[in-house]
Amino acid sequence: MTQKSLMLQVRNLRKTFTLHGRGGVQLPVFNDISFEVSAGECVALIGSSGSGKSTLLRSLYANYLPSAGEILVKHHGEWVDIASVEARTKLEIRRETIGYVSQFLRVIPRISSIDLISEVAISGGMSSEIAIEVSSALLRRLNLPEHLWNVPPATFSGGEQQRVNIAMGLVRPYPILLLDEPTASLDASNRESAIELILEAKSRGAAIIAICHDETARDRFADRLFDVSQFKAAA
Amino acid sequence: MNSQAFHSVDGTYNFAYLDEQTKRMIRRTLLKAIAVPGYQVPFGGREMPMAYGWGTGGIQITASIIGKDDTLKVIDQGADDTTNAVSIRRFFQRVSGVKTTEETQKATLIQTRHRIPEKQLTENQILVYQVPQPEPLWKLEPREVETRKLHAYSEYGLMHVKLYEDISRHGEIITTYDYPVEVNARHIMSPSPIPKFDNPKMAMMPALQLFGAGREKRIYAIPPYTRVRSLDFDDHPFEIQRFEDPCALCGAEGVFLDEVILDDKGDHMFVCSDSDHCRERRAAGHAGHRASDAASIGFVSSEGEA
Amino acid sequence: MMKALLEAESVGHSYPGGQLGCEDVSFRLYPGEVLGVVGESGSGKSTLLGCLSGMLEPSNGIVRFDVGGQGLRDVFSLSEPERRLLMRTDWGIVRQNPRDGLRMNVSAGGNVGERLMAVGARNYGNIRNEALDWLTRVEIPSSRVDDLPRTFSGGMQQRVQIARILVSKPRLIFMDEPTGGLDVSVQARLLDLLRGLVRDLGVAAVVVTHDLAVVRLLSDRLMVMRQGRVVETGLTDQVLDDPQHPYSQLLVSSVLQA
């Protein structure tokens, strides 16, 4: 904790789903996970399908509620346990500290892609003109055809949606980034743009936790691998 | 007081029809109404020997305050000789035996429907209004529990909504009678269906003004010399009606005129709504451009809108 | 440290005869926050809304509001005129049935202008311009400003109601099933509008609904109520994606994923 560049500390994290509708059946996902991530470092989560990588990532974003353990986030210079802090601080952490790129992220329906992205920028205090400018530049780099900018992403292809998701997660300089398959469904050139953006985020000092099945892409930005399957809890 | 005073001229009814207990109750109500200008005080309205809508509220007030030495004038739409005025005057002649008059300045007590006399009233006079609907907010807020709160807490935005609606639909405030006023910088009040032309006369009037609503059983009052302000908007100030021509019979200007239809060919003229005022001016030698027609129409007040 | 706008402390209400409305509800709402309250009919969410919005005095607990930005005050210790003033200035209540929230015999413009006149606006031109501005913001054509609400569709009436409330720049609005009774496409449009306005104006809100899609879109935080009690609270997406309480799980699993 004394090390200044530490951004995230996960301690003894456990997640077990309890399905009350199924007679209270317990679905353990992982148990006793601990790891740390520093600024400018990228940790890639690995493990077989079902090992709980996405569950872990969602827990880090407070989308899932851990069953035990702590997720300490460096927020405004203080360590805050996002798992147990009050809801409005969780929202503040999401607004200020943690960005999330996910193919499963629910976007707000009926809002144009460019507005979705610039809203994120505006929530960080950017004026709306500059936000639109920055968002446009990002979409241009990600090569999203301009005629799609004013269309809500609901009807987009997987790759197009993914680029909107990446832009939403990277439009603000979040100190911590969670990436869930950031390059999935992207063709080679678009994948390259996405990787460049991730590398830029890293070099500005973002602590990154990523899930990425594409090993070539992963090797480009990951500093180390963290195998989640070794924490598979016994049923 | 001697008991003789309680009997009407023909000995059948109590003096001024109402029994003394009822008069006392109404007088108490009046005192409260005067103490809180513009506030509607509920009272135990009695059944009168005439239908609601014929001035039962005003009659009960008049009956409660009239004394043997009073001189009563009754007007309806400004005239002393319309059916309503005549029958109310006869009623009080029969049940109280007091003197009556058509001359405004000779009256000590004036009961009115729809007008205020043109002549400035004095401290020695009382003006009693007949009121059909005492609640100025009733068209916008039908719940009485709510309107009472609106008055109690001075929540009067709603009254301006009515004026807003006028302007948005007609370009101006088209409310021409029963135009709401604010009394003593506190209560919003219905002035009864007098033309808004008469509203300014209510302000700082030397005479006591009493309002009676028989069906709704409410009494309210404006004490002498009380501020009365007609509601308006900064950019749509209150204005009274103006008439292009003076009274055709007496030549008076700045008075409220009624249109009188003279035949079925469309001939018409505008004459004073206040018939006593017109007669007095003509007696003093004033003449309008059709003064000679006065006799031919017997100076009948019109049924024109007030 | 930001000050709370609304605070409920162990709020409970029982109806005469002992029937339980809601029990032991506590939370704090901060400026700009949107709190969703979900539960099925009879869960006590409407009773709670009544208690929070000053319309129903709780039998237990305290509701406090930051009156005039001068600190939390017990809403029910305010005098009635103070509370009524609050209701037409700092607060707004969006009712499920626009007929309950609008004056049906007053034009759309008059409905929107009423709150301005209620706080002393006396310039017709300014009132009308502001009414037109707000009607435009809720996507009512300015040509309809003088029309009576009864000539409007249900969705338009609801939008007029929202304009009528927002014109006084409230700091807190209460919404009771704001999209109830509307066609699905109209609901969506209204929700988008509400979401945009709430964000732009930074107004805090308590939204009571049985429709999880409404809270998913509008609210930051969620309270799940059942039989008068709060069974779960949390971030909206957390409660919907990872519900903990058996009842929350049932509620979430009962909704078809669109």
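**Three chains and their contacts**

Chain C has 10 helices and 10 strands. The model shown here is predicted. Start with the overall form of chain C. Its C-alpha atoms fill a box of roughly 55 × 45 × 40 Å along the principal axes. Chain C has 258 residues, and a compact globule of that length would have a radius of gyration near 18 Å. The value for chain C is 18 Å, so the two agree.

Now ask how the chains meet. Which chains touch? Two pairs of chains do, and chains B and C make the most contacts of the two. Chain A and chain B share no contact. Their closest C-alpha atoms lie 36 Å apart. Chain C, by contrast, touches chain A and also chain B. Take these two interfaces in turn.

Begin with chains B and C. Chain B gives 22 residues to the contact, and chain C gives 22 residues. Together the chains bury about 2000 Å². Carbon and sulfur atoms give 52% of that area. Where does chain B lose the most area to chain C? Look at B:Tyr153, B:Glu155 and B:Tyr164. Together these residues account for 29% of what the chain B side buries.

Next come the charges. Side chains of opposite charge can pair when their charged atoms come close. Between chain B and chain C there are five salt bridges. One of them joins C:Arg103 to B:Glu141. The closest N and O atoms of that pair are 3.4 Å apart. Polar contacts cross this interface too: 15 residue pairs, with both residues at pLDDT 80 or more.

Which helices of chain B supply at least two residues each to the side that touches chain C? They are helix H4 (144-152) and helix H5 (157-170). H5(B) has the largest share, with nine residues. By class, this side of chain B divides into eight nonpolar, four polar and 10 charged residues.

Move to the other interface, between chains A and C. Here 22 residues of chain A meet 23 residues of chain C. The buried area is about 1900 Å². Of this, 48% lies on carbon and sulfur atoms. How many salt bridges link chain A and chain C? The count is five. Among them is the pair C:Asp237 and A:Arg94, with an N to O distance of 2.6 Å. The polar contacts across this interface involve 11 residue pairs, both residues being at pLDDT 80 or more.

On the chain A side, two elements give two or more residues each: strand S1 (6-19) and helix H2 (87-96). H2(A) gives the most, with five residues. The chain A side holds 10 nonpolar, four polar and eight charged residues.

Salt bridges also form inside a chain. A search of the whole structure finds 53 of them over all chains. One example in chain A pairs A:Glu96 with A:Arg172. Their closest N and O atoms are 3.8 Å apart. What does this pair tie together? A:Glu96 lies in helix H2 of chain A, while A:Arg172 lies in the loop between helix H5 (158-170) and strand S7 (176-180), so the salt bridge links parts that are 76 residues apart in sequence.

Finally, look within chain B. The domain assignment divides this chain into domain 1 (3-137 + 175-229) and domain 2 (242-301). Domain 1 is thus written as two segments of sequence. The C-alpha centres of the two domains lie 27 Å apart. Even so, the domains touch: 17 residues of domain 1 are in contact with 14 residues of domain 2. They bury about 1100 Å² between them. Carbon and sulfur atoms carry 43% of it.

Charged pairs cross this boundary as well. There are two salt bridges between the domains of chain B. One of these joins B:Glu102 and B:Arg279, whose closest N and O atoms are 3.0 Å apart. The polar contacts between the domains number eight residue pairs, both residues at pLDDT 80 or more. The side of domain 1 that touches domain 2 has four nonpolar, five polar and eight charged residues.

Conventions. Residues are numbered from 1 along each chain as its sequence is written. Chains are lettered from A and ligands numbered from 1 in the order in which they are written. This is a predicted model: local features need pLDDT of at least 70, side-chain atom pairs count only at pLDDT 80 or more; totals for chains, interfaces and linings use all residues. Side-chain values use heavy atoms; hydrogens and water are left out. Domain bounds come from an automatic or database domain assignment. Contact means heavy atoms within 4.5 Å. Buried area is the accessible area (1.4 Å probe) that two parts lose on being put together, summed over both. A salt bridge is a side-chain nitrogen of Lys or Arg within 4 Å of a carboxyl oxygen of Asp or Glu. A polar contact is a pair of N or O atoms within 3.5 Å; within protein, one must be able to donate a hydrogen and the other to accept it, and residues adjacent in sequence count only if both atoms are side-chain atoms. Ala, Val, Leu, Ile, Met, Phe, Trp, Tyr, Cys and Pro count as nonpolar, Asp, Glu, Lys and Arg as charged, and the others, Gly among them, as polar. Helices (H or I, at least four residues) and strands (E, at least two) are DSSP runs, numbered from the N terminus. The radius of gyration is taken over C-alpha atoms; the globule rule is 2.2 Å times the number of residues to the power 0.38.
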